[in-house]
Amino acid sequence: LGVVIGVASVIAVLAVGTGTRERIIAQIQSLGGNLILVSPGSARVGGAHLGAGARPSITLDDAQAIGRETPGTIAVAPSVFRRLQVVRGNANWSTTAQGVTPAYFTAREWGVDRGRSLTWSDMDNAAKVALLGETVAKRLFADANPVGELVRVAETPFLVVGVLRAKGQSSSGADQDDKVMIPLSTAMSRVFGAGQARLRSLNYVMVKVRDADLMSMVEDDITRLLRQRHRLASDAPDDFVVRNLAEVQSRRAEASGLLTFWLTAVASVSLVVGGISIMNILLVSVSERTREIGLRMAVGAKRRDIARQFLAEALALSLLGGVAGLGLGAALSWAVSAWADIPVSITPGGLFLALGAALITGVCSGLFPALKAARLTPIDALRVE
């Protein structure tokens, strides 16, 4: 029973931990690889700091300068966004309207499921065309094809030219498909108001780096470039924020792996308890079967035969407990997944690890009783009443 519980605990913890780590990795991949996010810094009114993003310190000119003067970048994607109502006929949905350039889809590695993506011609002409996220498309069009239909974004009509491939949830739990993408030039001049176009201010700039090894270098280059462009004194704080998204996400994955390790270590205590139980049972068995051991040795059994017998019994106990624990652990994993909506991933490696740990526990637990039984002499054993 101790081995069953121990193996089941190890299987359940490994399944939940592995599933969670795979979800984090999938979220990292859905964001796109090797990304740096540049966003406006905080503003200060009197003695109050209003927090990051309060000061419109990042402009379209900054984004163009980053793309022009920072080596190692693949795509520089400026973006503005605002929560707006999108209407189609009698259906409407409040979503994020985001103004982007075609470089955004390169940075995010985001393709279209139907229709086409935005083009630089759309940008140059401030075209009134839109890409719908999967969530918005379902809310407004149900199962119909939105491509070629009209929607209104903040009272401005847009032609739907495509539907984005589904991305799912982000690492923070936000729905990445709950968006409408429109050309950046159109958003700034026709949707978000003349003030945004005049200031050329951005909500953020996403930078895709060519190689992961260049991330730190590009991050430093962007910081130096923006400080120079914003004419900040050497002792003045940055009026912008530069975040290495790959580093943040990898740290989350590492934290998940570390948590899985410690949870597995705690669950393994059950295996140790099961091993102690097997050892105690076999020690009692040696005492109860002393005459049997003496009789076997008297008719020719050697010490190694006696030791093998008790080791075989320990292995049989641990193997049966391990196999039963595998089934119980798998059932427990799926039950936890269904109840708490936690992803699980039962891998062959995890199964072999738990079963191997059970067998090692059996060998270690049976070793001392086997040696004790093998050290008995036939005369002493047969004298026991």
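Let me start with one cut-off: a residue is buried when its relative accessible area is under 20%. Keep that number in mind. Ser318 is a clear case, because its relative accessible area is 0%, so Ser318 is buried.

One caution before going on. What you see here is a predicted model. Every value I give is computed from that model.

Let me stay with Ser318. Where is it? Ser318 is found in helix H11. What does Ser318 touch, leaving aside residues up to four places away in sequence? The list is Val3, Ile278, Ala358, Leu359 and Gly362.

Now the whole chain. The chain has 385 residues, and 46% of them are buried. Its secondary structure comes to 13 helices and 12 strands. Next, the contacts with a separation of 6 or more. Of these, 76% join residues 24 or more positions apart. And the surface? The chain exposes about 19200 Å², with 59% of that supplied by carbon and sulfur atoms.

On to the inside. Nonpolar side chains tend to be buried together in soluble globular proteins. Here the largest nonpolar core has 44 residues. Which residues have the most contacts inside it? They are Ile36, Val153 and Ile222. Helix H8 gives the largest share of this core, five residues. Apart from this core lies another, of 22 residues. Val10, Leu282, Ile306 and Phe310 are among its members.

Take Val153 from the larger set of contacts. Leaving out residues up to four places away in sequence, Val153 touches Leu84, Gln85, Val86, Ala97, Phe158, Val180 and Val191.

Next, strand E1, residues 35-40. Is E1 enclosed or open? Six of its six residues are buried, so E1 is largely enclosed by the rest of the structure. E1 has two strand partners to look at. One is strand E11, residues 204-209, paired with E1 in the antiparallel sense over four bridges. The other is strand E12, residues 240-244, joined to E1 by five bridges. E1 and E12 also run antiparallel. Look at Val38. On the E11 side, Val38 stands opposite Val205. On the E12 side, Val38 stands opposite Val242.

Back to helix H8, residues 215-229. How far should its 15 residues span? At 1.5 Å a residue, the expected span is 21 Å. The end C-alpha atoms of H8 are 21 Å apart, which agrees. Several of its residues are buried: Met215, Val218, Glu219, Asp221, Ile222, Leu225, Leu226 and Arg227. Ile222 is also one of the residues with the most contacts in the largest core. After H8 comes Arg231, with a positive phi, near 55 degrees.

Now the charged pairs. The count comes to nine salt bridges. I will show three.

The side chains of Lys208 and Glu109 form one, at 2.7 Å, N to O. Lys208 lies in strand E11, and Glu109 in the loop between helix H3 (102-107) and strand E6 (112-115), so this pair ties together parts 99 residues apart in sequence. Buried or exposed? At 9% relative accessibility, Lys208 counts as buried. Glu109, at 41%, counts as partly exposed.

Asp238 and Arg227 form another, at 2.5 Å, N to O. Asp238 sits in the loop between H8 and E12, while Arg227 is in helix H8, and they are 11 residues apart. Asp238 is partly exposed, with a relative accessible area of 38%. Arg227 has 17% relative accessibility and counts as buried.

The third joins Arg114 and Asp113, with the closest N and O atoms 3.8 Å apart. Arg114 is partly exposed, at 27% relative accessibility.

One last residue: Ser345. It lies in the loop between helix H11 (303-340) and helix H12 (348-374). Ser345 is a loop residue, yet it is buried, with a relative accessible area of 13%. How far is Ser345 from Val16? In sequence, they are 329 residues apart. In space, C-alpha to C-alpha, they are 6.6 Å apart.

How values were computed: Residues numbered from 1 in each chain as written. Predicted model: local features only at pLDDT ≥ 70, side-chain atom pairs only at ≥ 80, totals over all residues. Heavy atoms only, no water. Expected span 1.5 Å × (residues − 1). Buried < 20%, exposed > 50% of the residue type's maximum accessible area, 1.4 Å probe, protein only. Core = buried A, V, L, I, M, F, W, Y, C linked by side-chain atoms within 4.5 Å. Contact = heavy atoms within 4.5 Å. Pairing = 2+ DSSP bridges. Areas by Shrake-Rupley, 256 points an atom, 1.4 Å probe, with all protein chains shown as cover. Salt bridge = Lys/Arg side-chain N within 4 Å of Asp/Glu carboxyl O.
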